[in-house]
Every structure is written in C-alpha cells, then in structure tokens.
Amino acid sequence: MQIDKKYRLEKAVSTDETRTNLTNISVTRRHAIACDGRMIAIVPVKVDDGDEVGWMTPDALKLARKVNPRGLDTIRIVLNGTQELPDGSTIKRPSFDDV
C-alpha cells in the first residue's frame, strides 16, 4: 500500500482501548479510513497486487514515516499477514477477529 506522507491518519484514530474497532486504520482497495468517534478521515491510497485489505495499526504508519527514505512523497507499507515497513521490519497486523 502506498500513501502520501502528508496524511497523518494516526491522529484520527481513537485512543480508547474499549473501542477496538476505532483504534486502527481500515484499508480498502482505494482508501484508508480512520475514525475516533467524532471525526472521520478518508484518504486515497494505492494498494499493490500483493497487499490484502483490512486493518493497519497507527503505529505502523508512524514508524513507516520515520524510516521512509528521504525525498519520497509516499510511504509504502506491505500489507499481507504482517505490516512490512520500508526498512524491512515487520509489525503484527490486527485481524478482523481482533476488532
């Protein structure tokens, strides 16, 4: 998945752990969606062939922004069974069952 680095979706997710469906970012074929119960943010993304739609953690987006090579306008995170960041590190991906 590729997302423009100017979008800070992690700021639009809920921090209330009792509302687990609002503490992650939903990725569809065309958009990434974050909501905290009061505001919703929907931004365009480009999903690559090997990516799976579903949940992405806000931490993955924050860390990917930090390790993204300088000079690039987009952040690329591989979304399959895990969330693979631009530096090759992986983070466990939440599943639909977890939410």
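Me: Counting two strands as paired if DSSP finds at least two bridges between them, what is the order of the open sheet of three strands?
Reply: The order is S7-S8-S9, and the pairing is antiparallel. Strand S7 (78–79) and strand S9 (90–92) are the edge strands, each pairing on one side only. The labels follow DSSP runs numbered from the N terminus, with helices being H or I runs of at least four residues and strands being E runs of at least two. Please keep in mind that this is a predicted model, in which local features need pLDDT of at least 70 and side-chain atom pairs count only at pLDDT 80 or more, whereas totals for chains, interfaces and linings use all residues. Residues are numbered from 1 along each chain as its sequence is written, and side-chain values use heavy atoms, with hydrogens and water left out.

Me: OK, and how many bridges hold S7 and S8 together?
Reply: S7 pairs with strand S8 (residues 82–84) over two bridges in the antiparallel sense, and Val 78 has Glu 84 of S8 as its bridge partner.

Me: Zooming out, how many helices and strands are in the protein chain?
Reply: The protein chain has one helix and nine strands, which follow one another from the N terminus as β-β-β-β-β-α-β-β-β-β.

Me: What about the sheet of four strands, which order does that one have?
Reply: That open sheet runs S4-S3-S2-S5, with antiparallel pairing. Strand S4 (40–44) and strand S5 (54–56) stand at its edges with a single partner strand each, so one side of each has no neighbour in the sheet. On average, neighbouring strands of this sheet are turned by 25 degrees against each other, direction ignored; the axes behind that angle are lines fitted to C-alpha atoms, for helices over the stretch in contact, and angles run from 0 to 180 degrees between N-to-C directions.

Me: How do S2 and S3 connect, and how many residues lie between them?
Reply: They form a hairpin with three residues between the strands. Two bridges join strand S2 (residues 25–27) to strand S3 (residues 31–35) in an antiparallel arrangement; Val 27 has Ala 32 as its bridge partner, and Ser 26 stands opposite Ile 33.

Me: And how many bridges join S3 to S4?
Reply: Five bridges join these antiparallel strands. Ile 33 is partnered with Ile 42 of S4, while Cys 35 stands opposite Ile 40. The hairpin has four residues between S3 and S4, and in it Gly 37 takes a positive phi near 100 degrees.

Me: Which side chains along S3 are buried?
Reply: Ala 32 and Ala 34 point to one face and are buried, whereas His 31, Ile 33 and Cys 35 point to the other face and are not. Buried means under 20% relative accessible area, exposed means over 50%, and partly exposed lies in between, with a 1.4 Å probe and protein chains only. In a regular strand, side chains alternate between the two faces of the sheet.

Me: Switching to the helix, which residues of H1 are buried?
Reply: In helix H1 (residues 58–67), the buried ones are Pro 58, Ala 60, Leu 61, Ala 64 and Arg 65. They lie on the same side of H1, because they cover an arc of only 160 degrees around the axis, where the arc is that of the directions from the helix axis to the C-beta atoms. These buried residues pack against strand S1 (2–4), S2, S5, strand S6 (74–76), S8 and S9, with contact meaning heavy atoms within 4.5 Å.

Me: Is Met 56 buried or exposed?
Reply: Met 56, which is found in strand S5, is buried, with a relative accessible area of 0%. Leaving aside neighbours within four places in sequence, its contacts include Met 1, Val 27, Leu 61, Ile 77 and Gln 83.

Me: Last one, what radius of gyration does the protein chain have?
Reply: The protein chain has 12 Å, which agrees with the value near 13 Å for a compact globule of 99 residues; the radius is taken over C-alpha atoms, and the globule rule is 2.2 Å times the number of residues to the power 0.38. The C-alpha atoms fill a box of roughly 35 × 25 × 20 Å along the principal axes, and buried residues make up 37% of the 99 residues.

Definitions and conventions: Pairing = 2+ DSSP bridges.
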